Number of protein chains: 2
Amino acid sequence: MEQPAGTGEQRDVVSCFSRDFNKMTAFEELGALARAPYDLTASGALSPERIRSYRTHAAGFDLLYATQRVDDTVLAALQKLAEESGAVSQFMLMKKGAVLNRIEGYPSEERQVLHTACRDIFAPDSLAPEATGQAKAELDKLADFLAALEAGGIVNGAGDSFTDLVQVGIGGSDLGPRALYLALAAYKIPGRRVHFISNVDPDDAAAILNGLDLARTLVNVVSKSGSTLETLTNEELVRKAFAEAGLEPNRHFLAVTGKGSPMDNPARYLRSFYMFDSIGGRYSATSMVGAVMLGFGLGYAHLEEILRGANAMDLAAEVPDIRRNPPLLLALLGIWNHNFLGSETLAILPYSQALVRFTAHLQQCDMESNGKSVTRQGKSLAWKSGPIIWGEPGTNGQHAFYQLIHQGTAIVPAEFIGFRASQYGQDLLIEQTTSQEKLVANLLAQALALATGQPHENPNRCFAGNRPSVVLLADRLTPYSMGALLALYEAKVVFQGFIWNINSFDQEGVQLGKKLATRLLAHYAGRRKNSGYNGEVSDDSGWALLVAAGILAK
Amino acid sequence: MEQPAGTGEQRDVVSCFSRDFNKMTAFEELGALARAPYDLTASGALSPERIRSYRTHAAGFDLLYATQRVDDTVLAALQKLAEESGAVSQFMLMKKGAVLNRIEGYPSEERQVLHTACRDIFAPDSLAPEATGQAKAELDKLADFLAALEAGGIVNGAGDSFTDLVQVGIGGSDLGPRALYLALAAYKIPGRRVHFISNVDPDDAAAILNGLDLARTLVNVVSKSGSTLETLTNEELVRKAFAEAGLEPNRHFLAVTGKGSPMDNPARYLRSFYMFDSIGGRYSATSMVGAVMLGFGLGYAHLEEILRGANAMDLAAEVPDIRRNPPLLLALLGIWNHNFLGSETLAILPYSQALVRFTAHLQQCDMESNGKSVTRQGKSLAWKSGPIIWGEPGTNGQHAFYQLIHQGTAIVPAEFIGFRASQYGQDLLIEQTTSQEKLVANLLAQALALATGQPHENPNRCFAGNRPSVVLLADRLTPYSMGALLALYEAKVVFQGFIWNINSFDQEGVQLGKKLATRLLAHYAGRRKNSGYNGEVSDDSGWALLVAAGILAK
């Protein structure tokens with residue numbers, strides 16, 4: 001099932017673009033420029049011309065960046081940084097199947113990075129024909145399956161259709177798909193609902209199962225390796241509930257997994273859909289990991305619109321001019337704020353309740369990709385890699401943590417996301433404005449207030465300003481614009497990784513905790529075999545066992 | 001309705017404890033100690049004795065802090081910092097009604113801070129008898145109301161009982177109450193459900209109302225001032241839905257508001273419950289702001305248990321010895337990591353899906369309180385105030401952003417929260433361990449992995465360690481322990497504010513954005529009065545209007 005590991009030319013891509021971030025001439029230039037960044041609080045600093053010209057557009061999204069601490073000189077240096085690091089060239093090679101998931105000279109995953117191929121299905125020719133062919137084959141299987149559900153060809157043991165689907169997965173098999181489904185719930189097929197079980201917390205699964213008619217519920221179990229502990233544990237919990245209800249699991253359970261994994265077993269699943277090694281979990285929302293659930297919940301046509309929007313943004317990411325490439329520009333503005341102006345975090349603030357889980361998805365996509373300490377040659381980084389990503393939907397956030405963003409001692413760059421019209425269209429004029437207008441007005445007002453600040457004779461009512469933000473604005477949150485937004489951030493993260501010369505596609509940092517947890521669980525299991533064990537976890541036993549196991553003493 | 005502004009002695013509390021953080025002798029000592037903090041990666045650094053002795057307990061929670069970069073010398077200096085800043089003395093004066101919400105010499109809110117009085121109802125004598133008396137009076141009103149609902153004395157127009165309640169509020173009227181309800185959903189009264197509408201996003205309200213039988217739904221509108229724009233907008237949206245369903249709003253709508261506010265109007269509400277100026281929004285979850293909804297959803301007895309747990313932690317916060325006072329110790333460890341070891345953020349990581357919104361509540365409680373730039377004398381801070389708070393429940397987080405926590409270039413101190421037994425008790429043995437054991441094992445393993453790290457010949461599999469964390473562990477997530485956890489963090493935040501010499505009880509930083517939004521909305525409204533307006537918000541109009549209004553040009 002594995003794809004070929006790329007041509008020789010593609011294999012060498014890591015070496016040929018691996019320049020130390022701090023050795024580029026643009027790095028030095030930007031360092032000098034950062035000593036006197038553009039002053040957004042100066043009189044006239046936010047002129048109408050600046051607002052009009054510091055703006056770009058792709059795939060339905062405007063990116064407004066007048067409220068960043070940049071001028072044309074800084075933008076030129078950022079353009080140079082993009083070129084020196086070969087950001088767009090590497091992106092193109094990625095789309096063509098270069099083996100970018102590797103660390104030179106050390107054992108590493110040695111994989112291609114082909115999430116873009118999942119949606120490169122609209123043009124006659126894809127940049128990565130084999131991966132796109134695989135993606136299309138799975139989409140065709142899915143379309144057939146969904147049509148059979150619709151037509152009554154696939155039903156439960158009593159001949160009823162399915163109304164609910166529970167997605168069982170964790171990490172990338174949960175966050176991206178869940179964020180998309182919640183964002184697009186306004187588009188769902190009437191009478192169908194999707195639910196998610198992810199945490200190993202037994203209360204999580206119990207709370208969801210308690211509200212369901214299992215007889216009419218499909219369960220979609222998602223794990224590439226087919227061995228993710230939390231997912232298998234939750235699958236067993238759910239299978240037990242089906243067994244207790246007297247239902248045949250293989251009429252209800254679907255699998256999304258790697259071909260040949262322990263879960264690729266027709267005896268246990270009604271259908272299996274495949275995911276491939278060239279698609280990392282946190283980039284997998286547009287693969288079968290998200291598609292099966294989205295197809296069931298929203299219908300195949302809406303799923304295709306998501307892919308279409310993502311593909312449009314992937315194409316926009318190929319443009320070399322940073323002022324016409326929103327993902328690349330966003331990546332560079334992030335680097336300016338993080339590496340040159342010294343901010344440690346980035347707030348993602350969607351002014352749309354439907355995007356309630358989008359920030360959580362980006363936390364994974366960004367922090368798991370770029371929370372790294374070594375270069376692609378295995379050297380310790382002498383510069384900061386990825387920021388901490390956090391945020392909540394506005395205007396809720398305004399009534400919560402915005403105090404710190406405006407008046408705290410840390411500078412928090414912000415990325416606002418908004419829409420000109422609402423999804424449902426149920427709105428109300430109060431004092432001559434609609435709720436959607438209030439939402440957009442608040443978003444714009446926050447960007448301005450952060451930038452310009454305000455002097456005041458009462459020091460407690462003073463706003464220092466010069467707090468940078470961007471505004472991402474689209475007409476409406478649709479399947480197409482959601483796909484574009486997802487791909488915008490995926491490409492941004494990848495560009496930053498290229499520029500920092502890190503591998504944005506592995507996640508070795510999650511291994512140590514996993515290893516220690518496994519050792520601790522072995523002790524719990526051993527203890528259970530002895531008599532007198534009362535079934536409760538005591539912290540004494542846990543910590544004492546860790547000590548006894550030599551883990552604490554190293 | 002206002003409480004007296006405190007005695008003369010209490011009024012002077014701000015002056016008498018206002019020492020600059022960086023002028024205390026402990027500040028200098030800690031600065032010197034921070035040059036060589038305790039090395040958690042050294043052989044034997046995490047000895048069983050250390051784990052046993054770096055542990056304290058209150059109100060059902062263990063606080064384990066062996067995995068912090070502290071030793072007895074640092075703890076002694078932190079004890080001194082607590083004493084020099086008068087942290088516990090100020091806490092006692094706060095509980096007695098001192099006017100701590102003020103900035104000396106400048107117009108400010110000039111209020112008492114008496115959220116602790118809401119739960120100081122169990123001992124014969126309260127420290128703040130008047131505030132406690134008010135709290136008790138409201139609780140009695142609530143108990144009567146809930147009993148009448150139960151007994152059928154209060155019903156809808158058709159004589160049916162109420163099954164659902166929608167809480168309409170934002171910020172503190174939403175985050176804390178919602179976090180508590182979700183945490184304790186396992187304890188809810190069968191057949192009753194609570195829902196929340198907070199964002200001004202019209203899609204949010206529409207999605208919730210679409211799923212409800214309005215005839216059997218109560219609506220609890222919460223706004224201290226009775227003039228919160230988002231809340232009034234949402235209330236109108238909901239009232240419109242009731243009117244369209246032919247229902248009488250004043251049989252369904254409840255108000256929680258300040259006495260005498262525009263919302264204190266018996267003609268429009270079935271019942272009004274009062275909140276008082278001495279309780280800030282972000283500290284109001286145990287006042288009527290949370291109590292009405294919790295009483296309806298969980299029953300009065302469970303509500304009382306929440307208050308009992310909170311009160312127990314408030315009492316623990318009075319202990320002068322930092323090693324026997326979990327909230328104070330947590331505050332000081334936070335200051336050690338933030339001000340002396342240089343971390344900008346703090347991750348709150350509950351290993352319980354039920355705590356899914358607790359971190360969002362803490363974001364408000366902490367960041368709105370301590371995201372400040374001036375002292376209580378109005379001087380610019382020469383030291384960092386509150387950190388950025390973020391996090392998600394584990395083990396989900398492990399599959400998302402933990403990569404950065406383990407191997408990123410920023411150090412992220414973490415606070416893990418866990419429970420020895422599950423809430424529902426539906427658990428399953430897989431490979432001889434339960435899901436709850438897996439949860440606890442993962443939590444402990446993460447704390448250890450972050451602390452000790454791991455050398456490796458592959459630099460990409462190396463873990464530097466020395467990443468500090470604490471573990472908060474209780475037997476089970478119950479109403480009592482939830483109350484205790486809430487109060488633990490409230491007290492922690494207040495202690496940090498006292499030590500940094502900032503006013504943790506105002507929120508001037510939210511005003512500028514509000515003001516600019518109001519001005520922008522005035523333009524939208526004006527535009528609507530002209531002909532040809534099509535109802536859609538265009539960013540052009542928005543930004544151009546801002547320019548025309550002179551806001552951009554300052």
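Here is a quick look at a predicted two-chain model, taking in its confidence, the A–B contact and one residue in chain B.

**Confidence**

Chain A comes out with an average pLDDT of 91, and 93% of its residues score at least 70. The weak spot to keep in mind is residues 1-9 of chain A, where the pLDDT is below 50. That stretch still has 17 contacts in the model beyond near neighbours in sequence. As for the complex, the predictor gives an ipTM of 0.94 and a pTM of 0.94.

**The A–B contact**

Chain A puts 127 residues into the contact, and chain B puts in 127 residues as well. On the chain A side, the largest share comes from helix α16 of chain A (residues 435-452), with 14 residues. Here is how the chain A side that touches chain B splits up by residue class:

| Class on the chain A side | Count |
|---|---|
| Nonpolar | 59 residues |
| Polar | 44 residues |
| Charged | 24 residues |

**A look at B:M293**

Over in chain B, B:M293 sits in helix α11 (residues 288-298). B:M293 counts as buried because it has 29 C-beta neighbours inside 10 Å, and the cut-off for buried is 20 or more. Who does B:M293 contact, leaving aside neighbours within four places in sequence? The list runs B:L165, B:Q167, B:P177, B:Y181, B:V194 and B:N220. For another reference point, take B:E235: B:M293 is 58 residues from B:E235 in sequence, and the two are 16 Å apart in space, C-alpha to C-alpha.

Methods. Residues are numbered from 1 along each chain as its sequence is written. Chains are lettered from A and ligands numbered from 1 in the order in which they are written. This is a predicted model: local features need pLDDT of at least 70, side-chain atom pairs count only at pLDDT 80 or more; totals for chains, interfaces and linings use all residues. pLDDT is the predictor's confidence in each residue, from 0 to 100. Two residues are in contact if their C-beta atoms, placed from the backbone, lie within 7 Å. Helices (H or I, at least four residues) and strands (E, at least two) are DSSP runs, numbered from the N terminus. Ala, Val, Leu, Ile, Met, Phe, Trp, Tyr, Cys and Pro count as nonpolar, Asp, Glu, Lys and Arg as charged, and the others, Gly among them, as polar. A residue is buried if 20 or more other C-beta atoms lie within 10 Å of its own, exposed if 12 or fewer, and partly exposed in between; C-beta atoms are placed from the backbone.
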